[in-house]
Amino acid sequence: MSRLGIAWRVAALALAFAVLGPPHWIALRLLGRRATLAPILFHRVFLWLFGVRVTQSGTPPAPGEAALVLANHVSWLDIIAVGSLRPLSFVAKSEIAGWPLIGVLAGLQRTIYIDRQRRGATASVSTAMGHRLAEGELVVLFAEGTTGDGTRLLPFRSSLVGAARAALQAEAGRGRVRLQPLAIAYPRRNGLPVTRAERAEIAWYGDMELVPHFATFVQGGPIDVHVVWGAPIPFEATTDRKVATAAAEAEVRAALRAALRGAGTGAGTAPAPDARPAAPEIGLQGPEIAPV
């Protein structure tokens, strides 16, 4: 993609933000969590402008059904891909709130922040997440706690899964909360299977700076993102959160292996039988770090 092509796409994205942002800010003040349309539209504009095709398979939660989504984390693009699917909010590190522009976008997405340097932060964030779940919302937690290099799945952390128990406590009539495994895979680029080396180029991790990574991303050509909704895991008051988290991790790992293996064998030429283009619903060695 030429510099001119990048420039006009960035300008178009800025225009979309100027059109959608202020009304959404007002709607948040008036409607609260029911203001959901603008973030979905903004994410979908980004995907269209930069040649990102999102498909999904599996069975997501029904509209209005509460779920704590436990997902793998590869890149900043995960947020845009998942955010384009349906109304939801994310859990993120508190530093993001102070990032130029990104912090504004995260706020408009109703992001829940966790200060990892503050003692007791997990408990307060779990309570906030629990209230969202009790109100029937979808909350996305990148359970690895950080992004990886795109070739390995890091262990899922169970600490914030306690939010599911907080939701049960917040709504005494609720007998269980849905834990929803979610696998995010990048199987193809420019119509060809993504190689192991290319996965590390797509991933955003470590000390990588966002702007240079974004420039590399847009020059790489169209990319496919496949989102797999795994089998839901019921979470009740007596459920062991570590066991439930391990089950979600296993589900995500299996889905990632299948998605990436399918692309490598040519099965990714077309979406899987149950895969479908993502459409907004309005009103991815060893026991420590396992390869996918």
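A strand, as the word is used here, is a DSSP run of type E with at least two residues, and strands are numbered from the N terminus. L153 is found in such a run, strand β6, which covers residues 152–153. The model in these exercises is a predicted one.

**Exercise 1.** Work out whether L153 is buried or exposed, and find how far L153 is from E249 in sequence and in space.

*Solution.* Begin with the cut-off, by which a residue is buried when its relative accessible area is under 20%. L153 has a relative accessible area of 0%, and therefore L153 is buried. Next, compare the two separations: L153 and E249 are 96 residues apart in sequence, while their C-alpha atoms are 8.6 Å apart in space.

**Exercise 2.** Describe how strand β9 is covered, which way its side chains point, and with which strands β9 pairs.

*Solution.* First, strand β9 spans residues 223–229, and seven of its seven residues are buried. Second, recall that in a regular strand the side chains alternate between the two faces of the sheet. In β9, I223, V225, V227 and W229 point one way, whereas D224, H226 and V228 point the other way, and all of them are buried. Third, look at the neighbours: β1 (residues 52–58) pairs with β9 in the parallel sense over seven bridges, and T55 stands opposite H226 there. Strand β7 (residues 177–189) pairs with β9 in the antiparallel sense over six bridges, with W229 of β9 as the bridge partner of L182.

**Exercise 3.** Explain what the salt bridge between D224 and R53 ties together, and state how covered each of the two residues is.

*Solution.* Start from the idea that side chains of opposite charge can pair when their charged atoms come close. The side chains of D224 and R53 meet in a salt bridge, at 2.7 Å from N to O. Because D224 lies in strand β9 and R53 in strand β1, the pair ties together parts that are 171 residues apart in sequence. Finally, D224 counts as buried at 14% relative accessibility, whereas R53, at 40%, counts as partly exposed.

**Exercise 4.** Find how E249 and R253 are placed in helix α9, and how close their charged atoms come.

*Solution.* E249 and R253 are four residues apart in helix α9 (residues 241–264), so they are separated by about one helical turn. E249 forms a salt bridge with R253, and the closest N and O atoms are 3.1 Å apart. As a last step, consider their cover: E249 is buried with a relative accessible area of 15%, and R253 also counts as buried, at 13% relative accessibility.

Key: Residues are numbered from 1 along each chain as its sequence is written. This is a predicted model: local features need pLDDT of at least 70, side-chain atom pairs count only at pLDDT 80 or more; totals for chains, interfaces and linings use all residues. Side-chain values use heavy atoms; hydrogens and water are left out. Buried means under 20% relative accessible area, exposed over 50%, partly exposed in between (1.4 Å probe, protein chains only). Two strands pair if DSSP finds at least two bridges between them. A salt bridge is a side-chain nitrogen of Lys or Arg within 4 Å of a carboxyl oxygen of Asp or Glu.
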